[in-house]
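Dear colleague,

Please find below the structure that I am handing over to you. My notes on what was found in it follow directly after.

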Amino acid sequence: AVVSTQSTGELNRGSFKFPKFQVIGHRGNGMNILSSPDSRMKAIKENSIMSFNLAANYPLDFIEFDVQVTRDGCPIIFHDDFILSEDNGTIYEKRVTELSLAEFLCYGPQKEEGKMGHSLMRKTYDGKILKWNVEQDDALCTLRDAFERVEPSLGFNIELKFDDHIVYHQDHIVHVLQCVLKVVTEYARDRPIIFSSFHPDAALLLKKLQIAYPVFFLTNGGGEIYYDPRRNSLEEAYKVCIEGGLNGIVSEVKGIFRNPGVVPKIKEAKLSLLTYGKLNNVVEAVYMQHLMGIDGVIVDLVKEITEAVADMIKPMKMEDSEGRNKGKLNPEFSEKELSFLLKLIPQLIQS
């Protein structure tokens with residue numbers, strides 16, 4: 001018998017690679033920030049079929065959305081751990097995963113004509129409770145709905161959501177993953193799919209339960225500290241991926257800019273690297289990441305960033321039939337200049 005010296009991680013990881021720099025729509029065409037003065041953050045309901053199909057109009061290959069599983073085992077698309085409604089001046093708050101599918105779908109706009117759903121409220125990061133008012137509203141939806149009703153060529157980055165404040169038994173995590181995989185197996189067809197999760201055990205178990213789709217570990221790169229040390233730095237995320245055979249990391253972009261030296265290490269290990277965060281709505285920050293060799297960005301301003309990326313990633317030189325250069329050239333940086341910019345960025349994001 002031939003004995004392999006490769007670790008389990010090396011054997012499982014394979015070499016998943018994105019064919020080009022990716023722009024990925026966050027919760028479809030962008031997340032909702034109800035307290036934002038920017039109307040674009042309240043234009044269309046996040047994590048909805050309407051938002052997904054609007055994002056599909058732009059030149060992107062994937063959208064990202066959040067999946068949880070209801071009490072009766074149905075994968076639904078919703079970001080927050082709790083769902084809020086108001087009735088006669090009283091706010092009612094329920095844990096999403098403790099609702100049945102039918103109870104979950106009773107919130108917000110209803111598909112059935114003339115039927116009124118429970119009002120939908122949202123708690124902001126600073127604890128305020130606001131009406132979930134957007135310019136274009138849409139009904140809540142399931143993972144199956146997304147497979148059946150979203151443009152079939154659009155890839156799905158399925159984020160598996162777990163509450164940061166709960167310690168889950170492995171049996172429960174496996175149950176959740178199996179509910180999701182059942183829908184994926186039945187309805188995905190040829191649609192490109194990548195999975196991601198902030199929960200390290202969920203990501204590792206998912207890699208063991210299936211081999212068809214890449215699995216990424218989500219981290220905020222040290223921006224917050226958690227009880228589980230695997231969540232507290234890019235170095236820890238790297239170790240989780242190497243040891244567990246995961247395909248890549250999705251980091252909060254500030255974590256990358258604070259520690260740009262980790263990027264070559266991640267790339268040398270043949271791990272893919274994506275980022276998320278508010279800075280990804282800034283064209284210059286996206287361009288910098290492209291130069292650094294990052295594989296893609298998850299963004300809210302899908303229209304603006306896809307347009308900017310289409311401009312910035314044109315061939316570096318265009319030649320006419322006689323071999324003369326024409327058109328604009330993208331800026332080219334020497335290694336020394338790039339090194340200077342990378343040293344400058346951590347100071348900029350801390351100021």
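**Overall organisation**

In the protein chain, 66% of the contacts with a separation of 6 or more are between residues 24 or more positions apart. Please note that this is a predicted model. Its secondary structure comes to 12 helices and 16 strands. The chain has 351 residues, and buried residues make up 50% of them.

**Two helix pairs**

The first pair to describe is formed by helix α5, residues 170–187, and helix α6, residues 200–209. Their axes are 10 Å apart, and the helices pack at an angle of about 55°. This angle falls outside the range under 35 degrees that counts as roughly parallel and outside the range of 65 to 115 that counts as roughly perpendicular; α5 and α6 are therefore oblique to each other. Their crossing is right-handed. On the α5 side, the contact is made by Q170, I173, V174, L177, Q178 and L181. On the α6 side, D201, A202, L205, L206 and L209 take part. By class, the residues of this contact between α5 and α6 comprise 8 nonpolar, 2 polar and 1 charged.

The other pair consists of helix α10, residues 283–292, and helix α11, residues 302–312. Here the axes come within 10 Å and cross at roughly 45°, and α10 and α11 are therefore oblique to each other. The crossing of α10 and α11 is right-handed. Helix α10 contributes V283, V286 and Y287 to the contact, while α11 contributes I305, A308, V309 and M312. What is the make-up of the contact of α10 with α11 in nonpolar, polar and charged residues? It divides into 7 nonpolar, no polar and no charged residues.

**Buried residues in strands**

Three strand residues with polar or charged side chains deserve a separate description.

N157 is found in strand β9, which covers residues 155–160. Its relative accessibility is 1%, and because buried means under 20%, N157 counts as buried. The side chain of N157 is joined to that of S196 by a polar contact of 3.2 Å. Setting aside residues up to four places away in sequence, N157 touches F62, I63, E64 and F65, then I194, F195 and S196, and also I298. S196 thus appears both as a polar partner of N157 and in its list of contacts.

T219 belongs to strand β11, residues 215–219. With a relative accessibility of 1%, T219 also counts as buried. A polar atom of the T219 side chain lies 2.9 Å from the backbone nitrogen of G221. Beyond its neighbours within four places in sequence, T219 is in contact with F198, R231, S233, L234, A237, I249, V250, S251, E252 and Y276. As for I249, it is 30 residues from T219 in sequence, yet the C-alpha atoms of the two are 7.4 Å apart in space.

R122 lies in strand β6, residues 121–123. Is R122 buried or exposed? At 7% relative accessibility, it counts as buried. The side chains of R122 and E46 are joined by a polar contact of 2.8 Å. Not counting residues up to four places away in sequence, R122 touches R27, N32, L34, E46, H79, D80, K128, I129, L130 and W132.

**Positive phi values**

R27, one of the residues touched by R122, has a phi near 55°, a positive value in a residue other than glycine. R27 lies in the loop between β1 (22–26) and α2 (49–55). With a relative accessible area of 4%, R27 is buried.

K270 likewise has a positive phi, near 60°, and is a residue other than glycine. Its place is in the loop between α9 (262–268) and β13 (272–276). In contrast to the buried R27, K270 has a relative accessibility of 56% and counts as exposed.

Yours sincerely

Technical notes
Residues are numbered from 1 along each chain as its sequence is written. This is a predicted model: local features need pLDDT of at least 70, side-chain atom pairs count only at pLDDT 80 or more; totals for chains, interfaces and linings use all residues. Side-chain values use heavy atoms; hydrogens and water are left out. Axes are lines fitted to C-alpha atoms, for helices over the stretch in contact, and angles run from 0 to 180 degrees between N-to-C directions. Helices (H or I, at least four residues) and strands (E, at least two) are DSSP runs, numbered from the N terminus. Angles under 35 degrees count as roughly parallel, over 145 as roughly antiparallel, 65 to 115 as roughly perpendicular and the rest as oblique. A crossing is left-handed if the near helix is turned anticlockwise from the far one by less than a right angle, and right-handed if clockwise. Contact means heavy atoms within 4.5 Å. Buried means under 20% relative accessible area, exposed over 50%, partly exposed in between (1.4 Å probe, protein chains only). A polar contact is a pair of N or O atoms within 3.5 Å; within protein, one must be able to donate a hydrogen and the other to accept it, and residues adjacent in sequence count only if both atoms are side-chain atoms.
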